[in-house]
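Got your viewer open? Load the structure, switch to a cartoon with side chains on demand, and follow the stops below.

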Amino acid sequence: MIRPELAERLTRHREPIAAGAVMLAGLWIATRGGPVFAGLGVLVALAGAALLLPALRRLRFGGGTAPGIIELDEGRVGYFGPEGGGFVDLAELAEIRAVDLGERRFWRLRTVDGQALLVPMRAEGAERLYDTLAALPGADPAALAAAAGAPVRPGTLQPPLWRRPASG
């Protein structure tokens, strides 16, 4: 029997654990002898390492402690919370910033027409938001992951983490 807290933590970290297991399996295969196994093992270990980095970045986005739910559906980010919510179409997204409003941190998603949606960084479903934001043209996945884990000074305007590239 596993304690509920441990089960929840293992569930939350399942993706990095799986990537680490793939890396270890690759290293084990590489030590089985011969150049074929060594090459195959190195390839498997490299695949595990390639899976580990985005898994760790998504882990920083992990949600569940803030109220509300983030929904991603066909190019649209939605947030449903007890104190507000709304939708932003990714085609209309103009800017992403990290903001700190007292006790909670938010993603500020601003559209080209100036409307903004505040999405708590720790809302349920936040880990899926990482892949969506990191796939935007010109987005820096490392900067997004760092912003999710680093404190933002309240009352200061932080530089945008992403801006829509100028068309032209």
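A term for the first stop: a residue is buried when its relative accessible area is under 20%, as computed with a 1.4 Å probe on protein chains only. Keep in mind that this is a predicted model.

**Stop 1: helix α5**

Select residues 141-149, which make up helix α5. Its buried residues are Leu 144, Ala 145, Ala 147 and Ala 148. Now turn the view to look down the axis of α5: the buried residues fall within an arc of 160 degrees, so they line one face of the helix. Before leaving, show Asp 140 at the start of α5. One of the side-chain oxygens of Asp 140 comes to within 3.2 Å of the backbone nitrogen of Ala 142.

**Stop 2: strands β4 and β5**

Next, pick residues 93-101 for strand β4 and residues 104-111 for strand β5. The two strands pair antiparallel, with 8 bridges between them. To check the register, click Leu 93, which sits opposite Thr 111 in β5. Then go to the hairpin that links β4 and β5, where 2 residues lie between the strands. Gly 102 in this hairpin has a positive phi near 80 degrees.

While you're on β4, show the side chain of Arg 97. Is Arg 97 buried or exposed? Its relative accessibility is 9%, so Arg 97 counts as buried. And what does the Arg 97 side chain make a polar contact with? The partner is the side chain of Glu 95, at 2.9 Å.

**Stop 3: on to β6**

Add residues 116-120, strand β6. β5 and β6 run antiparallel and are joined by 5 bridges. For a handle on this pairing, select Trp 107, whose bridge partner in β6 is Val 119. The hairpin of β5 and β6 has 4 residues between the strands, and Gly 114 there takes a positive phi near 95 degrees.

**Stop 4: the aromatic pair**

A pair of aromatic rings is described by the distance of the centres and the angle of the planes. How many such pairs turn up in a search of the whole structure? Just 1 aromatic pair. Select Phe 80 and Phe 87: their ring centres are 5.4 Å apart and the planes meet at 80 degrees, so the pair is edge-to-face. Phe 80 is partly exposed, at 40% relative accessibility, and Phe 87 is partly exposed as well, with a relative accessible area of 41%.

Finish by showing Arg 76. Its charged end sits over the ring of Phe 87, 4.8 Å from the ring centre.

Notes. Residues numbered from 1 in each chain as written. Predicted model: local features only at pLDDT ≥ 70, side-chain atom pairs only at ≥ 80, totals over all residues. Heavy atoms only, no water. Phe/Tyr/Trp six-rings, centres within 6.5 Å; stacked < 30°, edge-to-face > 60°. Buried < 20%, exposed > 50% of the residue type's maximum accessible area, 1.4 Å probe, protein only. Lys NZ or Arg CZ within 6 Å of the ring centre and 35° of its normal. Polar contact = N/O pair within 3.5 Å; in protein donor to acceptor, adjacent residues only side chain to side chain. Pairing = 2+ DSSP bridges. Arc of directions from axis to C-beta.
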